[in-house]
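Take a walk through this protein from the inside outwards. Keep the sequence and the 3D view side by side as you read.

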Amino acid sequence: MNLSNLTALELGKKIQSKEISVWEAVTASLDAIQQKEHELNCFIAFDESQAKKRASEAQKDIDRGVLASPLAGVPMAVKDNLCVEQFYATCGSKILEHFMPPYTASAVRALLQQGAVLLGKTNMDEFAMGSSTETSYFGATKNPRNAAYVSGGSSGGSCAAVAAGECFYALGTDTGGSIRQPCAYCGVTGIKPTYGTVSRYGLIAYASSMDQIGPIAKDVSDCAAILEVISFFDKKDSTSIRRGALDFTSALVDNVEGMKIGIPMNCFGSGLDREVRDAILSAVSLWKQKGAQIEAFDFQYMDYAVAAYYVIACAQASSNLARFDGVKYGYRAKTYDGLNEMYEKSRSEGFGEEVKRRLLLGAFALSEGYYDAYYIKALKTRTLIKREFDELFSRFDVLLSPAAFTAAPKIGESLKNPVGMYQSDAYTVSANLAGLPALCLPCGKTKDGRPIGMQLTGDLFMEKKILRAAYAFEQIRKEQKQCKTDTKQS
């Protein structure tokens, strides 16, 4: 049996029924890592001995009936801006190359308590600043579907690892689309929940008012099950929300009869690749077959979202990253003359070009004389975007849009044009500005085989609606594939 073809839940079920041992599952992942890592570079660090130790412990608890979780014994990975004891937390940066956190992030700890087997930490754009996982100090992560192309970012390492079969699911973080866009490029599924649903304790922040942890997996069912585990109120996180209705797997119902799906037609303009457009509009016809109601509209403030997002995100990043100064932890320049020069040289040598660019933009936006003109105006724009979403969700259950303008670009193209890279986030940043849940799942492929993904956005705390719509779409696709298989066999 090829275990890499199984979803996390399918594997977990076989482990519980004793068809497969945890040792076999972990060995399959470690073998895939050994075979593919030299080309893909999905992991910054993985620990084979620790993974095998955790596998042995998980198997004992499963055998004793202590662990009955559907994810018990399933190998997983986490993005390297999440703190985990006994693993460096580098954020893909030289400045944190040797930082060993003394605690584990709440979301990761919740999965470990359910018997998850952590393999290691995945690669990412430095401090989550980038859209291709090429700004990492540890080198670019390549797309497992075609290594000449990027995996997307900033959670590119997590998405690529899942797509390559190196792990069965992973955690990523999403500040402006960093889960959804690489999911689209790699052909996997991921969800950014409502802001505050998943504890941010143990997450090394980029932009605190928008960062959110979420699952990346092979299908919607896996994402729903993982999200159930990591969603809870955490008193250690001041942004954590007390909320009910966290039984996300109950939304996995193949029924969208009467569901109202809105399509922002100004997201389907001339800038969108034709193959991406056709794939998403084909998906619309499948939902119609299931009884969903489809209606087009124009998103009034879409053109302002990217500008507002980058002003706010860079401003918050300039504050968050001020702590990395070479004094208490992290990289310190080897030679310097006095305190000020130590700060200057440590940060200049420790941060990469994209991070320094965004820190300068953020510092400028917060500076005297420009704070009102840029930061305050961006916050007002954020409020207008949220109000527009409020009006839209009085009419629609979910919104359907592209996750990216194109399928994955070739390695090197994004770094040549930083402004173009920022604009590529146009479809995803609005959900973060408004704190809304959004999901990306595959909906097709280009002629040369690159995955195409689409995005479903829901109202605050309405993860179940986007999970339901996504699950129904998956069932239609499975039925179509089965029909094609049956036709070929006959």
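**A strand on the inside**

Start with strand β6, residues 169–174. This strand is mostly covered, with six of its six residues buried. The model is a predicted one, so treat what follows as a reading of a prediction.

Now look at how the side chains of β6 are arranged. In a regular strand, side chains alternate between the two faces of the sheet. In β6, Y169, L171 and T173 point one way. A170, G172 and D174 point the other way. Both sets are buried.

β6 has partners. Strand β2, residues 75–79, is joined to β6 by three bridges, and the two run parallel. Find V78 there: V78 stands opposite L171 in β6. Strand β8, residues 212–217, pairs with β6 as well. Here five bridges join the two strands, and they run antiparallel. One bridge to follow is that of T173, whose partner in β8 is I213.

**The nonpolar core**

Two residues of β6 lead us onwards. Nonpolar side chains tend to be buried together in soluble globular proteins. In this model, the largest nonpolar core has 154 residues. Those that touch the most other members are L111, F127, Y169, L171 and W287. Helix α9, residues 302–320, brings the largest share of this core, with 11 residues.

Pick L111 to see how such contacts look. Leaving aside residues up to four places away in sequence, L111 touches L71, M76, A116, Y169, L171, I226, V229 and I230. Y169 and L171 of β6 are in that list. Apart from the largest core lies another core, of five residues. Among them are Y149, Y185, A404 and A408.

**A buried asparagine**

Next, go to helix α15, where N432 is found. Is N432 buried or exposed? N432 has a relative accessibility of 1%. Residues under 20% count as buried, so N432 counts as buried. Now look at what surrounds N432. Leaving out residues up to four places away in sequence, N432 touches D174, T175, G176, G177, R180, K192, M210 and R382. D174 brings us back to β6.

**Closed spaces**

How many cavities of 30 Å³ or more does the structure hold? There are three. The largest has a volume of about 150 Å³. Its lining has 14 residues, and F299, F389, S401, Y427 and Q455 lie nearest its centre. Three elements give two or more residues each: β11 (398–402), α15 (429–434) and β13 (451–458). β11 gives the most, with three residues. The lining has 10 nonpolar, four polar and no charged residues.

The second largest cavity holds about 100 Å³ of space. Its lining is made of 15 residues, of which G130, S131, S178, Y309 and D425 lie nearest the centre. By class, five are nonpolar, eight polar and two charged.

**An open pocket**

Finish with the largest pocket. About 870 Å³ of space lies in it. It is lined by 27 residues, with R145, G187, K218, P442 and K481 nearest its centre. α1 (8–16), α5 (156–163), β12 (438–445) and α16 (463–489) each supply at least two residues of the lining. α16 gives the most, with five. What classes of residue line the largest pocket? Nine are nonpolar, eight polar and 10 charged.

Notes: Residues numbered from 1 in each chain as written. Predicted model: local features only at pLDDT ≥ 70, side-chain atom pairs only at ≥ 80, totals over all residues. Heavy atoms only, no water. 1 Å grid on protein atoms, 1.4 Å probe; cavity = no way out; pocket = protein on both sides within 12 Å on 5 of 7 lines; lining within 4 Å. Points joined across faces, edges and corners; volume = space filled by probe spheres on them. Helix = DSSP H or I, 4+ residues; strand = E, 2+ residues; numbered from the N terminus. Nonpolar A, V, L, I, M, F, W, Y, C, P; charged D, E, K, R; others polar. Buried < 20%, exposed > 50% of the residue type's maximum accessible area, 1.4 Å probe, protein only. Contact = heavy atoms within 4.5 Å. Core = buried A, V, L, I, M, F, W, Y, C linked by side-chain atoms within 4.5 Å. Pairing = 2+ DSSP bridges.
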